[in-house]
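Here is a short tour of one protein chain, written to be read with the model open beside you. Take a moment to load it and turn it around before reading on.

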Amino acid sequence: MPSLLCLVVDRSPYGSIEPAEAVRHAGGALGKGWDVVLIFTGQSVYTALRGQSPPAGEWLSLSEALAKLLDDGKGRARVLADGHALDACGLLAGSLIPGVGRASPIEIARALMECDRTLLF
């Protein structure tokens, strides 16, 4: 049975369901015994920004959900944010949720190569 799931997100955290679904799928995979690598690229790096205030309505705070995923994962969940995207968005590593790592293209490629399955969001 595969044991490492990689989820790649490239959409901004609010306005579409994909980032929330990626976090939900990551939690489900952890619950089924998989290890998880969640990779944020492009505008999705905002998902890893600490202390978000989501738009009013049906949106949940993805920063809270992501922090809970990291806590519940107990080392079985890794979250990587593309360094080039962080730079383009003007985000510093210190503004991210604790446990989210800044990653180079090589580190992202390495993580993708290690995964048994990959889902794109």
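The report below goes from the overall fold to the cores and then to a few individual residues.

## About the model

This is a predicted model, in which local features need pLDDT of at least 70 and side-chain atom pairs count only at pLDDT 80 or more, while totals for chains, interfaces and linings use all residues. Residues are numbered from 1 along each chain as its sequence is written, and side-chain values use heavy atoms, with hydrogens and water left out.

## Overall fold

The chain has four helices and five strands, and along the sequence they follow the pattern β-α-β-α-β-α-β-α-β. Helices (H or I, at least four residues) and strands (E, at least two) are DSSP runs, numbered from the N terminus.

The C-alpha trace spans about 40 × 30 × 25 Å along its principal axes. The radius of gyration is 13 Å, which agrees with the value near 14 Å for a compact globule of 121 residues; this radius is taken over C-alpha atoms, and the globule rule is 2.2 Å times the number of residues to the power 0.38. Contact here means heavy atoms within 4.5 Å. Among contacts between residues at least 6 apart in sequence, 76% join residues at least 24 apart.

## Surface and charge

Of the 121 residues, 43% are buried. Buried means under 20% relative accessible area, exposed over 50%, and partly exposed in between (1.4 Å probe, protein chains only). The chain exposes about 6,400 Å², with carbon and sulfur atoms supplying 56% of it; these areas come from the Shrake-Rupley method with a 1.4 Å probe, and for residues only the protein chains shown count as cover.

The chain carries 11 positive and 13 negative charges, whose mean positions are 5 Å apart. Lys and Arg count as positive and Asp and Glu as negative, leaving out His and the chain ends; each charge is placed at NZ of Lys, CZ of Arg, CG of Asp or CD of Glu.

## The nonpolar cores

A nonpolar core is a set of buried Ala, Val, Leu, Ile, Met, Phe, Trp, Tyr and Cys residues joined through side-chain atoms within 4.5 Å. The largest one has 28 residues, of which Leu7, Leu38, Phe40, Val45, Leu66, Val79 and Val100 touch the most other members. Two or more residues each come from strand E1 (4-9), helix H1 (18-31), strand E2 (35-40), helix H2 (62-73), strand E3 (77-82) and helix H3 (83-89). H1 gives the largest share, five residues.

Leaving aside neighbours within four places in sequence, Leu7 is in contact with residues including Ala22, His25, Ala26, Leu38, Leu119 and Phe121. A second, separate core of 10 residues includes Leu4, Cys6, Ile39 and Ala103.

## Residues in the loops

Ser44 and Tyr46 make a handy pair to look at in the loop between E2 and H2. Ser44 is buried, at 0% relative accessibility, and beyond four places in sequence it touches Val9, Asp10, Arg11 and Ser12. Tyr46 is partly exposed at 28%; outside the same four-place window, Tyr46 is in contact with Pro13, Gln52, Cys89 and Leu91. From Tyr46 to Tyr14 the C-alpha distance is 9.3 Å, with their positions 32 residues apart in sequence.

Two lysines are worth a look as well. Lys32, in the loop between H1 and E2, is exposed with a relative accessible area of 67%. Lys74, in the loop between H2 and E3, is exposed at 70% and has a positive phi of about 45° although it is not a glycine.
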